[in-house]
Amino acid sequence: MIALLIRDLRLAVRAGGGFGLGLAFFLIVVTLVPFGVGPQGDILARIAPGVLWLGALLACLLSLDRIFALDFEDGSLDLLATAPIPMEGVVTMKALAHWVTTGLPLVVAAPVFGVLLHLDMQAYRWLVISLLIGTPALSVLGTFGAALTVGLKRGGLLLSLLVLPLYIPTLIFGAELIRRGAQGMSVQTPLMMLVGITAAVIALVPFASAAAIRVNLR
Amino acid sequence: MSIWEYANPVKFMKTSGKLLPFVTVATAVTLAIGLIWGFSFTPAADNFGSSVKVIYVHVPAAMMAINIWVMMLVASLIWIVRRHHVSALAAKAAAPVGMVMTVIALITGAVWGQPMWGTWWEWDPRLTSFLILFLFYIGYMALWSAIDDPDTAADLTGVLCLVGSVFALLSRYAVNFWNQGLHQGATLSLDKEQHIANVYWVPLVITMVGFGLLFVTLVLVRTRTEIRMRRLRALQLRERMQ
């Protein structure tokens, strides 16, 4: 499983892997928002939590269809299916690799983008924490969507249609956590809910993804 | 008699063909009675005016929108666990009906909300969760139509329906947390005191039964169409082989 993780990471980092593309996309979204909304600092500060979360969500979505598509095309997914590790493990490792290459850079870069949007000083801590907790759920759910659409020729648009509704709870609690942090309110409820959702998603969704992959390889 | 017998399409076609005329007539009669009674022979409510009459479409449609998703969930489970072919087709047949019910509930709700709340749309938990339910219906139908092989499609949409149900429910309570709403709480319930006068209650129950029967009729028709389409497909394939 570790070997699989390292292989996926290496493939992502090397040329053509699209590593960093998500980050650039995130930056563009954050840059475009003030053009659409206007440069007033107070408005930007108010919508910053939502914009940062939406940017992270969309950046995550961009690279989802690559998770299984390449392996499906060159047949290595079939080899993985016959490998001694269970499909659930393969799927989890794929999600982890996706998170390390897209989710983690977003978490690291988010505070910088927060500056661009005049985010409140006391919210930075919660911004990093909420993204750190929330983005693994995005990757795992995205893996589920990618598993459903892996056999399709043009699955990209369908993939976003299937995955985005699943992101709603994470988005609600993630953005609420930052918002409350910015206003100095108690963050316990959204924090607990976010942790709970991510933990449940990581524990349960790989089974569904593995089932979908098995159906698609049949 | 058990539902497992009807995994055989021939048997299902035979029974549903016999059943269909009766259900159709029952639907037409209940809907006609309920709607005409509701629209023409009930007084205008004190605080709602005559806009209260929207209730005879709004409430049954909203109720069916949720129940149809539950029915799809059960049908998908039966397919996944026992490979009951007709069950998968019934789930497929139910989805567009459920989507239309969701749209009806949203539109009639907007029409009702405009005079009552002064707004067509509000990000109220109930309204928002219906919009989310609508998105789930669209995704489910899109996945069905995107996959060519019927058994693969049935499997994948089944898995999506299971995961989607959990998330639809989760979103329902998440939006509750996110925004407090304008929509009144549950008025109708089986175990609590009744909040609605009998003048409105009786025709409302009749329309609710009517909508339920309408759903059964539509699903039967659509499932039969689906089975016939499969037969056509098989025939065409056989022709090509020769």
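I count two residues as in contact if their C-beta atoms, placed from the backbone, lie within 7 Å. The model I am reading is predicted.

**Entry 1, the chain A to chain B contact.** I looked up how many residues each chain brings, and noted that the contact takes 20 residues from chain A and 22 residues from chain B. On the side of chain A that touches chain B, I found α7, α8 (156–163), α9 (168–182) and α10 (188–217) of chain A each supplying at least two residues, with the largest share, 6 residues, coming from α10(A). Sorting the residues of that side by class, I recorded 17 nonpolar, 1 polar and 2 charged.

**Entry 2, α6 against α7.** Turning to packing within chain A, I noted that helix α6 (residues 87–116) and helix α7 (residues 124–148) pack at an angle of about 150°, their axes lying 8 Å apart. I logged the crossing of α6(A) and α7(A) as right-handed, and for their contact I wrote down 16 nonpolar, 7 polar and 1 charged residues.

**Entry 3, α4.** In helix α4 (residues 66–74) of chain A, I found Ile67(A), Phe68(A) and Asp71(A) buried. Viewed down the axis of α4(A), these buried residues fall within an arc of 70°, so I take them to line one face of the helix. I then checked what covers the buried residues of α4(A), and the cover includes α5 (76–82), α6 and α7 of chain A. On the face of α4(A) turned away from the buried side, I listed Glu73(A) and Asp74(A) as exposed. Finally, I noted that Gly75(A), just after α4(A), takes a positive phi of about 85°.

Key: Residues numbered from 1 in each chain as written. Chains lettered and ligands numbered in written order. Predicted model: local features only at pLDDT ≥ 70, side-chain atom pairs only at ≥ 80, totals over all residues. Axes fitted to C-alpha atoms, helices over the stretch in contact; angles between N-to-C directions. Helix = DSSP H or I, 4+ residues; strand = E, 2+ residues; numbered from the N terminus. Left-handed = near helix turned anticlockwise from the far one by under 90°. Nonpolar A, V, L, I, M, F, W, Y, C, P; charged D, E, K, R; others polar. Buried ≥ 20, exposed ≤ 12 C-beta atoms within 10 Å, placed from the backbone. Arc of directions from axis to C-beta.
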